[in-house]
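Colleague: Could you walk me through this model, one question at a time?

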Amino acid sequence: MSEDINVDELNQRLGLLEGVENADVEQYLSFFLDNEEYAVDILRVQEIRCWEGATVIPNSPVSVKGVMNLRGTIVPVMDLRLRLGLPEQAYKPLTVVIVLKFETSDGREKISGVVVDAVADVHSISPDDIQQAPELSSNVNATFVKGLGCTESGALILLDPDTLLAI
Amino acid sequence: MTVDLSQFYQVFFDESLEGLDAMEAELLRYSAGTQDDESINTIFRAAHSIKGGSGTFGFDSIAGFTHVLETLLDQIREGQRELTNQHIDLLLQSIDCLRDMINRLSAGDDSVPDSAAQLKAAFEAILNDENELGPEPEALQAKQILEETSSLEQLADTQTLGWKVTFVPSEDILMTGNEPLFLIQELTELGDHEVELITEHIPQWQQLKPEYCYLRWVVKLYCDCTEQQINEVFEWVADECEIKIEKLQTKSEQSIPAKHPPLTSTQPQTAMQSVTQTTDSNEQIEQTKPVVNKPAKSKQADANSIRVGIDKVDSLINMVGELVITQAMLSQLFESEMTSQTLSRMKEGLAQLEHNTRDLQESVMRIRMLPISFVFSRFPRLVRDTGQKLGKKIELVLQGESTELDKTVMEKISDPLVHLVRNAIDHGLELPEQRLAAGKPETGKVTLNSYHQGGNVVIEIIDDGKGLDPVKIKNKAIANGLISASDELSEEQVNLLIFEAGFSTAEAVSDLSGRGVGMDVVKSNIQALNGTVDVESEVGKGTTFRIRLPLTLAILDGQLVRIGQHIYIIPLVNIIESLQIDPKGVSRIGGEYDVLHLRGEYVPIVCLADVFLHKADAQSLTEGLLVVVEVDGGKVGIFVDDLLAQQQVVIKSLEANYNKVEGISGATILGDGTVSLIIDIISLVRMAGVKSMATANLVSTDVNAEGV
C-alpha cells in the first residue's frame, strides 16, 4: 500500500468494476481499522472520498459523525471504529470515507458513509473461501460480521453493510 | 380530403369538462341564491359549446343529450320559464352524466350511461309540457321525474345477480387452435345464462378474411359462480383474447330470462343481428361495452400535469431572458482584457446573476403553488348532495380560498378533507328539528377556512353541530381497549382518541361515513405530509378540526444561527424578532427554567445548546442573542450565540439516507458546500419541555413547564 492515497484512482477502479459480475469470485474492498483488515462487498461501495468533515446531528449516537454533502445529497457519516467499539483515533490524512449502499429493514435503499483508517486493497474471494465467523472478541458486534474471508495475506473480516448501517 | 379530427379530441374533452365545472359552479350559486345576471348565460354558453363541439366531432350521444338541455336553458334564459330547484337538480345530474360520457369517450368507449336516457326523457317531458307552462305543474312533474330517476339511482345498491362476461377473441384466435365455441359452452355450463353475439366488427365482404374470427360475445351468467371460475374458463386463451368481467345488477329477481341456447357457429354470418334481444328495462350494467384498445392514458397524464397561469409562464420566460443576457455579459467580460474596471463590472455581473437565479428559483417554485380553491371547489356540490341525502340543511362557507399551497401537498390533502367534511355533516350537524329544539338556526353551518400561519398552511373545518360527546368517546375507547376505565383524561385528550386506529363514534354505520376507514387514516395521511391535525370541540356548539401543513416541501427562507461551531437554520417565517437579553427581565421559574418579561408577555427561553447538547460560547444569557419565534400562537425565545446571514435554502431530506431527527425538519447545503440543519421549532419546543407558551393575555403563573 502506498503512503499517499489517490481517491480518484480508487474511484476509477471502482467504476471499472461496475457491472462486472463474476459468479465464481466475489470482490471485496478491504480497509484498515485499528490495524485489523476488514472488507465489504465491492458492489456495495459507491465511492471513496477524503474525510472533509461533517455537520453534527444533535442527539445522535456517538458513532454517527454527522451528515455530509455528497453532490447535493445529504449523506450520514459513521465512524466505523466507534460503531465497532474500537478505540477512537484522531483523523489523519489517510482517513477516508467509504460511501456504501445498504438496504434498511423495510426495504428502502439508502447510502451512508463510513470513516475508516485507510483503504487497503481489493480482494477476490470465492464464496468457498468464506467461513462463518467463529466466536469473536467481545468488542466486535457479531451481527455486523458476514464471515471471514481467507486471502493469501491472511483473514479478512467481512462486514455486512445492511446490519452495520442500520441505525 | 378528410381531416383527422381525433387529434383534437383531447382538447374537446378538456374544454367540455371545464365547461361542466363552470356550469356546476353556477348552478350551485343558484341553489344557494347567490346567482347574478350572468349566471344563466354562463351555463347556457357552456352547454352550447359542448353541444357544438360534440356535433363537430361526431359524438352524437353527447350532442343529442346536450340539445335538450340547451333548449330548456334557452327557455329559461329568455325568461319563458323559471329555473326551479327541480331544474337545478336535474341539471346537476346531467352534468354528472355528461362527465361520465366524456370520460368514457376519452377512454375510447362510446357507450352511454343508463342515466342519460332517463334524464333526457325527463327534460323532454318538461319541454313538451308547454300547455301548462307555469312553475306549479311543471315543478310537480319535474319532481315526479326526479323521484323516478333517484329511485333508479338506488339500483346501484342492489345485490349482484351474476356476471356479464365480454369475450373479445383476437382475430387470429382460430389459427392458434382455440375454438371459441368450446369456451362459451364451458362458460354456459356454470349456470343460467344468456349469450349475445356482437357482429358489428365484421368487415366488408372484400376485406373479410375467412380464417379470421371477427365475432365477439357477451355472455350474461345468472348464477352465483365466482369471478375466478369465469377466469379459469379463459385460462388457456388469456393471451389471445380480451375478457371483461363485470358484475350484473338488477332491480328485481324476476328479470332472470329464459335459457337461450349458446350460439353454435363461429363463422361470420350475414345476419348481423344479436342472437338474443336482451335489454330488460330493469337491468343495470355497471360498466361499459368492451373496448378493444386499452383505456387511454389520459387520466394518468391528467394527474401529473399542472395548469399554470400564463402570467407565471411569462415571468419565467422574462427571467430566463435576463439570465441569458447576464451570462452573455459575463462571458464577454472574460474575453476582454483584465483591468480593475472589468473586475468591478464582473462583480456587478455576478451580483446580477445571483439576483436572476433567485428570481428564477422563486418563479419556478411559484408554478407548483396553486390556490386552495382547487380543492375547496369540489365541496359545494359534495355538501349539497350529502345534505340532501341526509335531510339536513347546510350552509357552506369557504374562506381563504386564495391561500396558495404546493400542488403535491394539495393533491394529498384532498381525500382527508373530503372525509372530514363528510364527517362534519354526517356526525356533526344535527337534523333541522333537533337544531330548532336546541335553539339553533335550522340551517347548519360548515366552514372551510384556510390561511397562512408561520411556515404553515392551516385548514380548518368548522361545524356548528352537536360537538364531540366526550362520554361517548370515552366509553367507546374503553370498550375498544384503547384506554382503561381508570384513566384520567382531560377533555382534549379524550377528543384526540378519535384519531386512534379502529375508532368510530357513529352508532350506526351510515352510508356516508363511518365505514371503518376512520380518522386514523386521516391523521396518518396528514402526518405523511409533515402536517398535524387537532380537534377542538364543545358539546352542543360544534367541532373544529385544524389541519396544519407545510407550505411547500421544497424551499424556505432561513436565518442562520450559530451555537459554538455549529450552524443551524431557523425558518424566517417563525421569527418575530431577535434581541439581546436584558438580565433584569429574566425570572427563573422553578429554579430551572428562564422566562423573559418582554413587553407585557412572558417568553420562555429555550437554550439551543442545552437541547442539542452542544458547547456554546455564551456562558450567560447576556453574551448571546435571543431569537423570539412564534409557535402555535405562542412565543418562545431561542437562545443562540450569534446570528449569521439570512438566506433562502433548499430543503433536503435527512430521512432519505438517515432517520428523522427530533428538533430538525431537514437539512440544506450552504454556499460553502457544508451541510446545515434546519430547526423544527414545534418539535424543538417539545424537546425543551415547554408545554405552555406565553400568549399576550397570559400571566406568568400559567407557565407551568417542566424545565429546559
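Colleague: Let's start with B:Arg599: which two strands flank its loop?

Modeller: First, a caution: this is a predicted model, where local features need pLDDT of at least 70 and side-chain atom pairs count only at pLDDT 80 or more, while totals for chains, interfaces and linings use all residues. Residues are numbered from 1 along each chain as its sequence is written, and chains are lettered from A and ligands numbered from 1 in the order in which they are written. Strands here are DSSP runs of E with at least two residues, helices are runs of H or I with at least four, and both are numbered from the N terminus. With that settled, the loop holding B:Arg599 sits between β17 (593-598) and β18 (601-607) of chain B.

Colleague: Is B:Arg599 buried or exposed?

Modeller: We count other C-beta atoms, placed from the backbone, within 10 Å of a residue's own: 20 or more is buried, 12 or fewer is exposed, and in between is partly exposed. Phi of B:Arg599 is positive, near 45°, and the residue isn't a glycine. It has 7 C-beta neighbours inside 10 Å, so B:Arg599 counts as exposed.

Colleague: And A:Arg71, what is its phi near?

Modeller: A:Arg71 lies in the loop between β4 (64-70) and β5 (73-79) of chain A. It has 8 other C-beta atoms within 10 Å, so it is exposed. It's a residue other than glycine with a positive phi, near 45°.

Colleague: Which strands stand at the edges of the open sheet in chain B?

Modeller: Two strands pair if DSSP finds at least two bridges between them. This open sheet has five strands with mixed pairing, in the order β7-β9-β10-β12-β11 (chain B). Each edge strand has a single partner, so one side of it is left without a neighbour in the sheet: these are β7 (394-399) and β11 (532-538) of chain B.

Colleague: How many bridges join β10 and β12 of chain B?

Modeller: β12(B) is mostly covered, with seven of its nine residues buried. One of the bridges to this strand puts B:Glu460 with B:Arg546. Strand β10 (residues 456-463) of chain B pairs with β12(B) in the antiparallel sense, and the bridges number eight.

Colleague: Which residue takes a positive phi in the hairpin of β11(B) and β12(B)?

Modeller: β11(B) and β12 (residues 542-550) of chain B run antiparallel, joined by seven bridges. B:Glu538 stands opposite B:Gly542, and B:Ser537 has B:Thr543 as its bridge partner. Three residues lie between the strands, and the positive phi, near 85°, belongs to B:Gly540.

Colleague: Which residues have the most contacts inside the largest nonpolar core?

Modeller: A nonpolar core is a set of buried Ala, Val, Leu, Ile, Met, Phe, Trp, Tyr and Cys residues joined through C-beta atoms within 7 Å. The largest one has 79 residues, and those with the most contacts inside it are A:Val67, A:Ile98 and B:Val606.

Colleague: Which element of chain B gives the most residues to the side that touches chain A?

Modeller: Contact means that C-beta atoms, placed from the backbone, lie within 7 Å. There are 21 residues from chain B and 17 residues from chain A in it. On chain B, the elements giving two or more residues are β22 (664-669) and β23 (675-679). The one that gives the most, with three residues, is β23(B).

Definitions and conventions. Contact = placed C-beta atoms within 7 Å.
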